[in-house]
Amino acid sequence: MELFNNASLAAYTTFGVEAFADRLYRIEDMEELRLALQHLDHPLILGGGSNILTVGDIHRDILRIELKGIEVIREGDTSLIRIAAGEVWHDVVLWALEADLGGIENLSLIPGTTGAAPIQNIGAYGVELDMVFHSLEAMRADSGTTRVFTREQCRFGYRDSIFKNELRHQYVITNVTLQLSREHTLHTTYGAIQDMLTAWSVEHPTIRDVSRAVINIRQSKLPDPTVMGNAGSFFKNPILSREKYEQLFKDHPDMPGYPAAGDLVKVPAGWLIEQAGWKGVSRGRAGCYEKQALVLVNLGGATGQEVWSLAREIMASVQQRFAIDLIPEVNVWGT
Ligand code: FAD
Ligand code: EPU
């Protein structure tokens, strides 16, 4: 187990803002993790740092999960694949494409690790992790004992799971088992996937074509964190009652709304933020991305506080204009 004292976190999060951690441990095997959990007092768990904003120094131990390995545990029309938590998610997508296993091609290019994917039930372009999820193994943060969670036990929702609620900070996910299929069911109706395939004259798309289209769309909209620090969508898309949506729609007849479970309506936060006048606006070295208002960016040398204060201004402004509370998707550390 490698230990860094007074570790600079700028390189460990995709926002790239500076903050220091008293101690950061790199965890490369299960025994190291068990030992760390038995001896440290509720450490923070870090994966690829692509959904974290540090707003101050961290006076707690941090464990960076670097467990590796992909294992086929059952082969068949539907295969079960067990993936260690530290595997980079997009590498897993590439591995699945190579093995001709379908199910996660729409989730191409989402940054971060596999162990973090169930935390907010990652999703994009019409697919969410829970659609291919089988189970996961996790260690209790206060004792190092292990437990298996089935799909039902994870209580997945939109950008949500039990690990963000009742079991917040209580388990470290060590591996995730996915159910991937040789019989491919393509999801091409969401967003611009179909338009892109048509533009490429692809009549009979494969999972590789869908992945290529998703990568293309993402690269045209989202800033590359290696060029401009960010954590993807800063806020979740709010989900409103139909009544509230219809009431707002009277004053804003161009407000988009998508059906969500239980007669609720999901409204794109990017639209609300753009309408409130924030798209392309900067405050110091923090900005609201000019091509996608839901993404806050580090324009170069921003502090976490600068980004957080811009986020709070945006939240207040959307609340004032639409009476909607935006909820951050990004995890804020160091408050
Ligand atoms: P981190 O940021 O390191 O951690 C996130 C949270 O998970 C923290 O609370 C952390 O404590 C916890 N955690 C991490 N690993 C573990 C573990 N092994 N056990 C327990 N807890 C753990 N997300 C989407 O859903 N869809 C998208 O389309 C999408 N696009 C993005 C685009 C960009 C450019 C960026 C920068 C981010 C995007 N995201 C997207 C957000 C992000 O990629 C996901 O949330 C991802 O799953 C985070 O993985 P990570 O390893 O970086 O987690
Ligand atoms: N929109 C605007 N202005 C903007 C941005 C968006 O008006 O500046 C409106 C448009 O109406 C557009 C709609 O919002 O049609 C949706 O925009 P987009 O397709 O870019 O998706 P999103 O809702 O902003 C969500 C996820 C993304 C995911 C994409 C694709 C959330 C919080 N975000 O974004 O996930 O990649 O859909 O499925 O659900 C992430 O979680 O970090 C993330 C990037």
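This short report looks at the surroundings of ligand 1 and then at one sheet. Please keep in mind that the structure is a predicted model.

**Around ligand 1**

Let's start with the ligand. It is surrounded by 33 residues, and the closest are I45, G48, S50, T113 and R218. Sorted by class, this shell holds 16 nonpolar, 14 polar and three charged residues. Polar contacts with ligand 1 include those in the table below.

| Ligand 1 atom | Partner in the protein | Distance |
|---|---|---|
| oxygen atom | N or O atom in the side chain of S50 | 2.6 Å |
| nitrogen atom | N or O atom in the side chain of R218 | 2.7 Å |
| nitrogen atom | polar backbone atom of G123 | 2.8 Å |

Taken alone, ligand 1 would expose 980 Å², and 94% of that is buried by the protein. Which elements give two or more residues to the shell? They are β3 (44–46), β8 (123–124), β12 (171–181), β13 (229–233) and β20 (331–333).

**An open sheet**

One strand from that list, β3, also belongs to an open sheet of four strands. Their order is β1-β2-β5-β3, with mixed pairing. Because β1 (2–8) and β3 stand at the edges with a single partner strand each, one side of each has no neighbour in the sheet. From one strand to the next, the twist averages 30 degrees.

Further in, β2 (residues 20–27) and β5 (residues 58–65) run parallel and are joined by six bridges. In general, strands of a sheet pair through backbone hydrogen bonds, in either a parallel or an antiparallel way. Across this pair, R26 stands opposite R64 in β5.

Terms used: Residues numbered from 1 in each chain as written. Chains lettered and ligands numbered in written order. Predicted model: local features only at pLDDT ≥ 70, side-chain atom pairs only at ≥ 80, totals over all residues. Heavy atoms only, no water. Near = heavy atom within 4 Å. Polar contact = N/O pair within 3.5 Å; in protein donor to acceptor, adjacent residues only side chain to side chain. Areas by Shrake-Rupley, 256 points an atom, 1.4 Å probe, with all protein chains shown as cover. Nonpolar A, V, L, I, M, F, W, Y, C, P; charged D, E, K, R; others polar. Pairing = 2+ DSSP bridges. Axes fitted to C-alpha atoms, helices over the stretch in contact; angles between N-to-C directions.
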